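Welcome! Here are some exercises to work through with the structure in view, each followed by a solution in small steps.

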Amino acid sequence: MENKHAGDRATKYWDVSAAEGAASGHPTREHDLNEAIQEAAALLRAGETVAFPTETVYGLGADARSDEAVERIFAAKGRPSDNPLIVHIAELSQLDEIVLDVNDTARRLMEAYWPGPLTLVLPVRPGAVSPRVTAGLSTVAVRMPAHDIALRLIAAAGCPVAAPSANRSGRPSPTLASHVGEDLAGLIGGIVDGGPTGVGLESTVAEAGPDGTVTVLRPGSVTAAALARVAASVHTDPALHSGRGESSPAPRSPGMKYTHYAPRGSLRIVRGQDPGAVVARVQAELAAAEARGEVTGVLAYDEHLHHYRASIAISLGPVGALENAAHRLYAGLRRFDEEGATFMVAEACPEEGVGLAVMNRLLKAAGDEVIDV
Ligand code: TXA
Ligand code: MG
């Protein structure tokens, strides 16, 4: 792994994955968890970076108010400085310190989905967070994660915590602490290992207009349908759907314009209405690649996986339960790299519900290489 030991700093590591899974109140585990959280919070207060689990993916946290602390995030990730960060809070009382105004729709979304995997873009209170967090925008993205360790860490740190996903820029977001270690060991202050994350894809990023209209800037597991239960109307930034033309506008969420998650080998997506045609095309692509001497990989739904022969075969779960695909996608992409896959095929899924988020991330990984059958 090119960045595995790139850094020469000592990165602290706390394994509290058992504590997280244990029945709450178990005295020894509760003690270990509390100690880890206090130590990690002290690092954050000292201006250091700490990776921690959330319900979506691992985040790389730092004190959002401190230029130097936030700069450490950008340096460790190799992140472009024009890509703003999400600020994480543990309590609603922290919100007023950060933002100027929360309109009625945004307030109702918070009531419905916080804590949870929904990030809201709100007008920033000038001077409240480092300008590096907002990349000079007049808005700030805020979320309250639904994860006990994350909430306790943020509360113990006593500051708003800026936290992008804890991967090197261009790598899949981490869904395990070991993914964080692969990318960032030696480059960050610490890693709190809380076991695997739940959702597996980053939060939905949305903005609520004063007229009650909600715009999805990055799709996630809080779907357009879920937002529509609260908002007057919901629309998705058209730049996020596949098959967009050359003339379509740039995405409004700055991070969406970067190529992300690209595996080292070549990945393409096979998409079609007729399952038989999809299976036949995936089989043909894999067979041709094998004949060329490629190390092949396939990402497929359980209904079809048994039809395929590949060096690395990864299940995305049943096509009827796409939350499994969300949960497994990034670990699967990392496995392709680990096992040296040079040619990979992924099955498309319908761009509905959480499927929109799965396809959005998969299309980025594939550099929009889609074979329609
Ligand atoms: O689930 C998540 O959201 C994870 C966990 C760690 O909380 N965090 C995460 O952060 O995915 P990051 O930095 O990898 O993605 C932040 C996204 C980017 O696409 C960024 O451009 C967008 O949020 N964003 C941040 N501030 C924004 C703003 N003011 N306006 C529009 N988009 C913004
Ligand atoms: Mg990210």
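**Exercise 1.** Find which residue forms a salt bridge with Glu182, and how far apart the closest N and O atoms are.

*Solution.* Begin with the rule: a salt bridge needs a side-chain nitrogen of Lys or Arg within 4 Å of a carboxyl oxygen of Asp or Glu. Glu182 pairs with Arg334, and their closest N and O atoms are 3.2 Å apart.

Before going on, note that this is a predicted model, where local features need pLDDT of at least 70, side-chain atom pairs count only at pLDDT 80 or more, and totals for chains, interfaces and linings use all residues. Residues are numbered from 1 along each chain as its sequence is written, chains are lettered from A and ligands numbered from 1 in the order in which they are written, and side-chain values use heavy atoms, with hydrogens and water left out.

**Exercise 2.** Describe how domain 1 and domain 2 meet.

*Solution.* Step one is to locate the domains: an automatic or database domain assignment gives domain 1 as 2-193 and domain 2 as 266-372. Their C-alpha centres lie 31 Å apart. Step two is the contact (heavy atoms within 4.5 Å), which takes 10 residues from domain 1 and 6 residues from domain 2. Step three is the buried area, the accessible area (1.4 Å probe) that two parts lose on being put together, summed over both. Here about 650 Å² is buried, 50% of it on carbon and sulfur atoms. Finally, the rule finds 3 salt bridges across this interface.

**Exercise 3.** Which peptide bond to Pro115 is cis, and where does Pro115 lie?

*Solution.* The bond comes from Trp114, with omega near -10°. Next, place Pro115: it lies in the loop between helix H5 (104-113) and strand S5 (118-123). Helices (H or I, at least four residues) and strands (E, at least two) are DSSP runs, numbered from the N terminus.

**Exercise 4.** What is the sign of phi at Ala135, and which loop holds this residue?

*Solution.* Most residues other than glycine have a negative phi, and most peptide bonds are trans. Ala135 is not a glycine, yet its phi is positive, at about 50°. Its loop runs between helix H6 (131-134) and S6.
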